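Please examine the structure below with its sequence at hand. Exercises with worked solutions come after it.

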Amino acid sequence: DLLPALALGAERPDPAIMKRPPRPRRARLLDAPLLARAYLWLGMMEAAAALTAFFLVLGGTGWQPGLMPGFDDPGYRAATSACLAAIVVMQVANVFLCRSPHRSLLETGVGGNPLLPVALAAELALLLAIVYTPLGQKVFATAPLPAWVWLALVPMALFMVLAEEARKAWRRHQNR
């Protein structure tokens with residue numbers, strides 16, 4: 001996720017930044033609300049998506065709770081690949097949500113930063129190489145994923161986007 005994070009660093013400043021009062025001198029850049037949003041809110045949704053993808057795929061192999069498949073088991077490798085894919089897909093959604101802590105995604109849009117699509121394409125290409133090429137499968141112990149896994153990840157990412165947009169709308173309403 002390094003390239004999308006770097007692309008976010010080149011994001012244009014929020015046009016409404018000068019309309020807000022400055023933060024207090026003693027305020028930390030990483031404060032409790034930011035950490036709670038990142039780890040307890042968005043992070044938990046990402047973790048839930050990753051675990052859901054893992055257990056959906058593993059359960060589809062006939063796995064039973066209490067039994068641990070071997071490291072070389074193709075079903076286990078597919079499940080870990082689904083977990084990795086879920087993390088990356090959720091981070092792709094997250095990068096658009098993090099463009100502004102206050103403004104809606106409808107307001108910020110998905111364009112405006114020419115580095116972001118390049119960074120996301122590189123991230124997704126790397127994921128596909130890890131999951132679908134023999135070298136990636138050997139080095140990272142992955143297995144190819146069927147199309148239904150990718151389709152299952154879409155509603156998870158959309159849920160996170162809608163939940164965060166609702167949280168932002170609620171915060172804007174509270175700050176009026």
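The exercises that follow concern a predicted model.

**Exercise 1. Aromatic pairs**

Task: Determine how many aromatic pairs the structure contains, and describe the geometry and setting of the pair formed by Phe54 and Tyr76.

Solution.
- Step 1. A search of the whole structure yields three aromatic pairs.
- Step 2. For Phe54 and Tyr76, the ring centres are 6.2 Å apart and the planes make an angle of 85°. An angle over 60 degrees counts as edge-to-face, and the pair is classed accordingly.
- Step 3. Phe54 belongs to helix H2 (residues 32–59) and Tyr76 to helix H3 (residues 74–97), so the pair ties together parts that are 22 residues apart in sequence.
- Step 4. The cut-off for a buried residue is under 20% relative accessible area. Phe54, at 15%, is therefore buried, and Tyr76, at 18%, is buried as well.

**Exercise 2. A tilted pair and the cluster**

Task: Classify the pair of Phe55 and Trp63, and state which residues form the aromatic cluster.

Solution.
- Step 1. The rings of Phe55 and Trp63 have centres 5.5 Å apart, with 40° between the planes; this pair is tilted.
- Step 2. Phe55 is partly exposed, with a relative accessible area of 40%. Trp63 is also partly exposed, at 23%.
- Step 3. One aromatic cluster is formed by Phe54, Phe55, Trp63 and Tyr76.

**Exercise 3. Helix H2**

Task: Compare the span of H2 with the expected value, locate its kink, and identify what its buried residues pack against.

Solution.
- Step 1. H2 comprises 28 residues and reaches 37 Å from its first C-alpha to its last, which is close to the 40 Å expected at 1.5 Å a residue.
- Step 2. A kink of about 40° occurs in H2 and is centred on Gly43.
- Step 3. The buried residues of H2 include Leu42, Met45, Ala49, Ala53, Phe54 and Val57. Arg37 and Glu46 are also among them.
- Step 4. These buried residues pack against H3 and H7.

**Exercise 4. The largest nonpolar core**

Task: Identify the residues of the largest nonpolar core that touch the most other members, and the helix that gives the largest share.

Solution.
- Step 1. The core has 39 residues, of which Phe96, Leu153 and Met160 touch the most other members.
- Step 2. The elements that give two or more residues to this core are H2, H3, helix H5 (115–132) and helix H7 (147–174).
- Step 3. H3 supplies the largest share, 15 residues.
- Step 4. Neighbours within four places in sequence aside, Phe96 is in contact with Leu105, Val110, Leu116 and Leu120.

**Exercise 5. Two residues in their surroundings**

Task: Decide whether Trp148 and Thr108 are buried, partly exposed or exposed, and list their contacts beyond four places in sequence.

Solution.
- Step 1. Trp148 lies in helix H7. Trp148 has a relative accessible area of 42% and is therefore partly exposed.
- Step 2. With neighbours within four places in sequence left aside, Trp148 is in contact with Leu56 and Val57. Trp148 and Val57 are 91 residues apart in sequence, yet their C-alpha atoms are 9.8 Å apart in space.
- Step 3. Thr108 lies in helix H4 (residues 105–108). Thr108 is buried, with a relative accessible area of 14%.
- Step 4. Not counting residues up to four places away in sequence, Thr108 touches Arg99, Ser100 and Arg103.

How values were computed: Residues are numbered from 1 along each chain as its sequence is written. This is a predicted model: local features need pLDDT of at least 70, side-chain atom pairs count only at pLDDT 80 or more; totals for chains, interfaces and linings use all residues. Side-chain values use heavy atoms; hydrogens and water are left out. Rings of Phe, Tyr and Trp (its six-membered ring) pair if their centres lie within 6.5 Å; planes under 30 degrees apart count as stacked, over 60 as edge-to-face and the rest as tilted. Helices (H or I, at least four residues) and strands (E, at least two) are DSSP runs, numbered from the N terminus. Buried means under 20% relative accessible area, exposed over 50%, partly exposed in between (1.4 Å probe, protein chains only). A nonpolar core is a set of buried Ala, Val, Leu, Ile, Met, Phe, Trp, Tyr and Cys residues joined through side-chain atoms within 4.5 Å. Contact means heavy atoms within 4.5 Å. The expected span of a helix is 1.5 Å times one less than its number of residues. The bend at a residue is the angle between axes fitted to the seven residues ending there and the seven starting there.
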